[in-house]
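These are my notebook entries on one structure. I went through the strands, a few residues and a pocket.

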Amino acid sequence: LARNLIFDGMRDAALIINLNGDIIDFNYRLTEIFPFINHIAVGKFASDLFAANPEIQSLLENNEITKIETSVKQNGAINFYQVNRSELKDRSGKLVGYVIMFYFYTEIKELVNKLEEFATHDQLTGVNNRRRFIELAEAEINRSIRYGRFFVLVLFDLDHFKKINDRFGHLAGDVVLKVVASTCQEGLRSSDVFGRFGGEEFV
């Protein structure tokens with residue numbers, strides 16, 4: 001009863017292996033994520049069963065790795081999990097195996113991606129913001145110096161942009177900025193760096 005309520009009732013998935021890497025136990029949540037982990041898997045070498053997932057396999061095989069992040073396709077969607085390995089010791093303190101915990105990470109991952117997008121991209125046009133552009137430009141300048149190559153920097157603004165805002169309103173001005181940004185991006189090479197420098201200035 002305690003096992004069903006606590007171990008199988010956990011929101012997070014758990015896998016228990018011995019020192020040889022053989023599967024000793026797991027909870028129901030793990031089977032939901034990886035259907036191939038079932039009663040037949042007990043006693044089998046865990047690394048072999050996770051051969052299709054190199055991140056998890058590296059965690060199982062390398063004792064120096066204790067934490068990884070992995071993605072799993074479930075019901076047509078990609079879910080992310082943070083996977084931690086901790087030591088399992090008996091009452092005398094002797095190491096007898098490891099507990100591998102799978103923490104659902106999708107919501108946090110999506111939030112982190114949104115925050116990164118918000119921090120590095122202009123919210124109106126979707127292109128690099130000034131801060132992100134400067135970071136990328138510094139890398140390009142250092143690369144040019146290292147290889148002795150020239151580079152070109154183009155900074156431009158939109159003439160009479162204030163008149164557009166004054167005559168047609170700021171919403172129309174926003175449309176103009178979006179169109180300019182998308183038009184510029186269409187002509188870029190994959191190696192080019194483009195961003196909004198501020199206001200109606202692009203670089």
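Which residue in S5 is the bridge partner of alanine 14? I looked it up and found methionine 101.

**Entry 1: ground rules.** I am working from a predicted model, in which local features need pLDDT of at least 70 and side-chain atom pairs count only at pLDDT 80 or more, while totals for chains, interfaces and linings use all residues. I number residues from 1 along each chain as its sequence is written, and side-chain values use heavy atoms, with hydrogens and water left out.

**Entry 2: confidence.** I checked pLDDT, the predictor's confidence in each residue, from 0 to 100. The protein has a mean of 92, and 100% of its residues reach 70 or more. By element, I noted the lowest mean pLDDT, 78, in helix H1 (residues 2-7). The highest, 96, belongs to S8. Helices (H or I, at least four residues) and strands (E, at least two) are DSSP runs, numbered from the N terminus.

**Entry 3: the five-stranded sheet.** I count two strands as paired if DSSP finds at least two bridges between them. I traced an open sheet of five strands, ordered S2-S1-S5-S4-S3, with antiparallel pairing. Strand S2 (23-26) and strand S3 (67-74) are at the edges with a single partner strand each, so one side of each has no neighbour in the sheet. I noted an average twist of 25° from one strand to the next; axes are lines fitted to C-alpha atoms, for helices over the stretch in contact, and angles run from 0 to 180 degrees between N-to-C directions.

**Entry 4: S1 and its partners.** Strand S1 (residues 13-18) is joined to strand S5 (residues 95-104) by six bridges, and the two run antiparallel. Besides the pair I opened with, I found isoleucine 16 opposite valine 99 in S5. Towards S2, I found three bridges in the antiparallel sense, with phenylalanine 26 of S2 as the bridge partner of leucine 15.

Is S1 enclosed or open? I found six of its six residues buried, so S1 is largely enclosed by the rest of the structure. Buried means under 20% relative accessible area, exposed over 50%, partly exposed in between (1.4 Å probe, protein chains only). Ala13, Leu15 and Ile17 point one way from S1, and Ala14, Ile16 and Asn18 point the other way.

**Entry 5: glycine 21.** I located glycine 21 in the loop between S1 and S2. These strands form a hairpin with four residues between them, and glycine 21 takes a positive phi near 90°. It counts as buried because its relative accessibility is 9%. I also looked up its distance to phenylalanine 45: 5.7 Å from C-alpha to C-alpha, with the two 24 residues apart in sequence.

**Entry 6: S4 and S5.** I found nine bridges between strand S4 (residues 77-89) and S5, which run antiparallel. Tyrosine 81 has phenylalanine 104 in S5 as its bridge partner, and valine 83 stands opposite phenylalanine 102. This is a hairpin too, with five residues between the strands. In its turn, I noted that glycine 93 has a positive phi of about 90°.

**Entry 7: the three-stranded sheet.** I traced an open sheet in the order S6-S8-S7, with antiparallel pairing. Strand S6 (156-157) and strand S7 (196-198) are its edges, each with a single partner strand, so one side of each is left without a neighbour in the sheet. S6 is joined to strand S8 (residues 201-202) by two bridges; in one pairing, aspartate 157 has glutamate 201 as its partner.

**Entry 8: the largest pocket.** I took a pocket as an open set of points on a 1 Å grid over the protein atoms alone, where a 1.4 Å probe fits, with protein on both sides within 12 Å along at least five of seven lines; lining residues have an atom within 4 Å of a point. How much space lies in the largest one? I noted about 690 Å³, a volume being the space filled by probe spheres set on the points. The lining has 24 residues, with Phe151, Val152, Leu153, Asp192 and Val193 nearest the centre. H6 supplies the largest share, eight residues. I sorted the lining into 16 nonpolar (Ala, Val, Leu, Ile, Met, Phe, Trp, Tyr, Cys and Pro), six charged (Asp, Glu, Lys and Arg) and two polar (the others, Gly among them).

**Entry 9: alanine 137.** I placed alanine 137 in helix H6 (residues 130-147). With 17% relative accessibility, alanine 137 counts as buried. Its C-alpha atom is 9.7 Å from that of aspartate 192, which is 55 residues away along the chain.
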